[in-house]
Amino acid sequence: MDFAGFILQLLNGLQFAMLLFLLAVGLSIVFGLMNFINLAHGTLYMVGAFIGYSVAGYWGSYWLALVAGTAAAALAGALFYATLLRRMQTASPMKQVLVTFGLIFVGIDAVRLVWGDNTQSIVTPSLLGGGIEIFGENYPIYRLFIIGLGLATALLLYIGLERTRLGAMVRAGVDDREMATSLGLNVDLAFFIVFCLGCGLAGMAGVVAAPVLQIYPGMDIAVLIPALIVVVIGGPGRLGGAFLGALLIGITATFGDVLIPTFASFIIYGVMVVVLVLRPGGLLAPRHR
Amino acid sequence: MNRARYGAAVAAATLLFAAAPASAADPIKIGLNLEFSGGPYVLLAHEVANGLAMAIADKGGAVDGRTITIIDGDNQHKPDIALSMAKKLVYGDHVDMLVGSIGSGVIKAIRDFAVAAKTPLIVPNAGDNEITGVDCNFWVIRTSFSNDQIVREMGPWLVKHGVKRVSLIAFDYAAGHQQMDGFRRTFTAAGGTIVNEQYPPFGPISDFGPYLTKIKEAHPDAVFTFFAGPPATAFVKQFTEFGLKKSIKLTGPGWIVSPLNLPSQGLDAVGVLGILNYVPAIDTPTNRRFQSEFQAKYHRPGSEFAAQGYDTGLLIYAALEATHGKTANKGDLIRAFHDVKVDGTRGELRIDPQTNNIIQDLYIYEVVDQGGKPSFHVIETIPQVQDPPNGCKLG
C-alpha cells in the first residue's frame, strides 16, 4: 500500500467509524444514562432508512428523506419510551434484553409487511454525487459527506452536553439521580429528550448509510454487533467514549480487511478483548456513582 | 400476501378437483422445505415456491386423476429445523417428495435424511458442488445448478473477448470460494491472469470501500465477483461510486444484477456482464408466457429463482406423468426424472443420470440502458451445459 492508498483507506475507515458513531451514540447514552440495554436501537436505524426511502421515492428529495427518517425514528423512540421503556426501566437486565431482542424480530417482520423483502436504495443527492481527486485517485464525495456529518454531530452533541442547560441536567441526573430530582430538576424529562435524540440519530444514520449499504429487512441486525462493541469499548454513557470507540473499530476493521484478510471477521472482537483486558470499564469508563 | 391468496386459489382449485367424482384418488403430495422466514433467503424461498405452484397450476394441478397438493414447510434457514421439518413432512404428512432448499447451509441436513428415508429430494436452488459431486446420491436430484456449472464457461469466454487480468472478490464462505475456484481454473487455463483475490467476511456490513480501493490499485481489466441480495446492490453501486466503472468491467454470475436487485441498482447496473442459467430476456414461447403470467400476478418480472421454481414444477409434473401419477415406488419416480425432457423457461432441461444434476443452457448477457431504465441484453447462449461427474459415482 503506497501513501495515497493509505490515505484513501484511512478515509474509508473514518467513514465507517462515523456511521458507527451515529448509531452507537444513542445506544451508549441510553445504556449509560438510563441503565437500559436497548437492543432494538438498530430497529430505529432500519425504520429511519425505510421511511427515508419512501419519502425519497415520493418527493424525490434526499434531504427531505434525511429529515423524515430522523424524525420518524425519534417519534418511534418516543412511542417506545412511553409504552415499554418506562415500564421496563426498573426490570432486570435479562428482561430488558429479552423484550428488546423480541422487538428486533417484530420490527423486521413489520418492515417486511409494509415494504416487502427486496433490497431498496436511496439515490445519492446530485450535490454529493461523483468523486473528487485525492492524491491522484478518485474518491466519492458522498463518503466525505458522511465523515463531515459524523464530526459535526459529535461536536454539536459535545456542546449540547457540556454547554447547555439540558446538558447540565443530564449530567447531574447521571451523577446522582435522586439528588438532582430533589433539587427540582425534571430528570425524567431530560432523559426522555435525550433518548428521542439518540433514536433520531439512529434514524439519521439509516438514511445516511442507505446510498452506500442499501436498505433491507434485517439491516439492523447487521450493524447491531459492531455498534454494541463500540459502546462496550467506549464505556457506556460516554459521548467521547462512543466517538473514540467508533474511530478505533472503524479504522482497525478497515485496515484489517485489507492487510490481514484472514482475520478480518475476528479483528473487531480482538480489539474489544484487548481494550477490555487493559481497561475493563471501557476506554472512558463511567465516573464512579 | 399475494402468496396466501394464491395458495387459497390453488387450494380451492384442488378442492374442486377433489369434489369431482373421477378423481377420488389420494392426492400426490409435494413437501416444500424452504427458508420462508429467517436468514437471507426469505425472498428467494417465496420466489421458488410461487414459481413451482404456478407451474403445477398451469399444468392443470393433477396427474391421471390424482390432484397435486403442495405443503409448505418453513426451515427458517436452520439445519436442525430443516431436519425436523423434513421428518414432519415425510412421516406426518406422508409427502411423496421433498423440495428444498435455497441455501447450501441447510441442504446437507435434509439430504442425509432424504437418503436415509429413501424419499426423493428435489433441490430447487442450493448450488453446492458436492450435492451432485462427491456427495451425490440416487435420491437427490438438482433442478437448479452447481456453482461450478455456472462459472466454468466464463473463463475462456472472457479471454477470447480480450480480458486478460482479473480481480476476484466474493464473500468468505463455501459458495463464494466454489464460484471463484471454478472461474479461476478455466480462466487461467485459457491464459488469463488473476491479479488479486479478496474474500471479505460474510456480513455483517457490506461496505466494500476498502476492497474497491485495493482493486483499483491493481488495475485489472475486469472484476469477477459473486454477490447476491443486498450486498450485490451495495457492490454495484459502490463500484460506480468509487469510479471503477470507467475503466474496469464488472462481471460474474448474473445474480449480482438479478431482476430483484435491478430496481435498487438503477443505471449503476448498466454495463455489468453476467453469466447465468436464466435471464428474463430469454426469447422463447415458454419464457414469454411465464413472464407475462408472473408479471400479471406480482407486478414485476419473475426472477431466476421464480423461473427455477417454475421449471422444477415442470420437471416434477413431467416425471409424475411418466409414472402415470403412481408414486408408491419412489425409485421409479427418481428414474422417471432421468427419462424426461422439458421445455422450460430456461430452454431445454434434462436431468443427467450420471450426477442427478440438471443439463441446461447458460446465458451470457449485459445490462443495457433502455430509455433510462436498466434492461437485459443476451449476448450469447451456451447450449446444454453438463457437469462432469466431479467425483460422483452414480453413472
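Which residue of S8(B) stands opposite B:Arg165? Keep that in mind as you open this predicted model; the tour reaches it shortly.

**Before you zoom in**

Colour chain B by pLDDT to begin. Its mean is 92, and 93% of its residues reach 70 or more. For the model as a whole, the scores are ipTM 0.78 and pTM 0.85. Now select residues 15-24 of chain B, where pLDDT stays under 50. The model has eleven contacts beyond four places in sequence for this stretch. Where pLDDT is low, the predicted coordinates should not be read in detail.

**Stop 1: strand S7 of chain B**

Select residues 165-170 of chain B, which form strand S7. Five of the six residues are buried, so by the cut-off of 20 or more other C-beta atoms within 10 Å the strand is mostly covered. Add residues 193-198, strand S8 of chain B: S7(B) and S8(B) run parallel and are joined by five bridges. Here is the reply to the opening question: B:Arg165 has B:Thr193 opposite it in S8(B). To follow the chain from S7(B) to S8(B), show helix H7 of chain B, residues 174-189; the β-α-β crossover that passes through this helix is right-handed.

Next, bring up strand S9 of chain B, residues 222-226. S9(B) also pairs with S7(B) in the parallel sense, over five bridges. Label B:Ser167 and B:Val223 to see one pair of bridge partners between these strands.

**Stop 2: helix H8 of chain B**

Move to residues 209-218 of chain B, helix H8, where seven of the ten residues are buried. Among the buried ones are B:Gly209, B:Pro210, B:Tyr211 and B:Lys214. Step on to B:His219, which follows H8(B) and has a positive phi, near 45 degrees.

**Stop 3: the six-stranded sheet**

Now show strands S1 to S6 of chain B. They make an open sheet with mixed pairing, in the order S2-S3-S1-S4-S5-S6. At the edges are S2(B), residues 62-63, and S6(B), residues 140-142, each of which pairs on one side only.

Within this sheet, pick S1(B), residues 28-32, and S3(B), residues 66-71: four bridges pair them in the parallel sense. B:Ile28 has B:Ile68 as its bridge partner in S3(B).

Then add two helices. Helix H2 of chain B, residues 42-58, lies across S1, S3 and S4 of that chain and runs at about 170 degrees to S3(B). Helix H4 of chain B, residues 104-117, packs on the sheet as well, touching S4, S5 and S6 of chain B. The direction of H4(B) makes about 155 degrees with that of S5(B).

**Stop 4: a glycine in a loop**

Is B:Gly372 buried or exposed? Find it in the loop between strand S14 (358-370) and strand S15 (373-385) of chain B. B:Gly372 counts as exposed because 7 other C-beta atoms lie within 10 Å, where the cut-off is 12 or fewer. Draw a distance from its C-alpha atom to that of B:Gly266: the separation is 8.8 Å, with the two positions 106 residues apart along the chain.

**Stop 5: where the chains meet**

Finally, zoom out and show both chains. Here 31 residues of chain A are in contact with 30 residues of chain B. On the chain A side, the elements that give two or more residues include H1 (3-34), S2 (137-140) and H5 (141-163). The largest share, six residues, comes from H1(A). Colour this side of chain A by class and you will find 14 nonpolar, 13 polar and four charged residues.

Conventions. Residues are numbered from 1 along each chain as its sequence is written. Chains are lettered from A and ligands numbered from 1 in the order in which they are written. This is a predicted model: local features need pLDDT of at least 70, side-chain atom pairs count only at pLDDT 80 or more; totals for chains, interfaces and linings use all residues. Two strands pair if DSSP finds at least two bridges between them. A crossover is right-handed if, with the strands pointing away from the viewer, the path from the first strand over the helix to the second runs clockwise. Two residues are in contact if their C-beta atoms, placed from the backbone, lie within 7 Å. Ala, Val, Leu, Ile, Met, Phe, Trp, Tyr, Cys and Pro count as nonpolar, Asp, Glu, Lys and Arg as charged, and the others, Gly among them, as polar. Axes are lines fitted to C-alpha atoms, for helices over the stretch in contact, and angles run from 0 to 180 degrees between N-to-C directions. pLDDT is the predictor's confidence in each residue, from 0 to 100.
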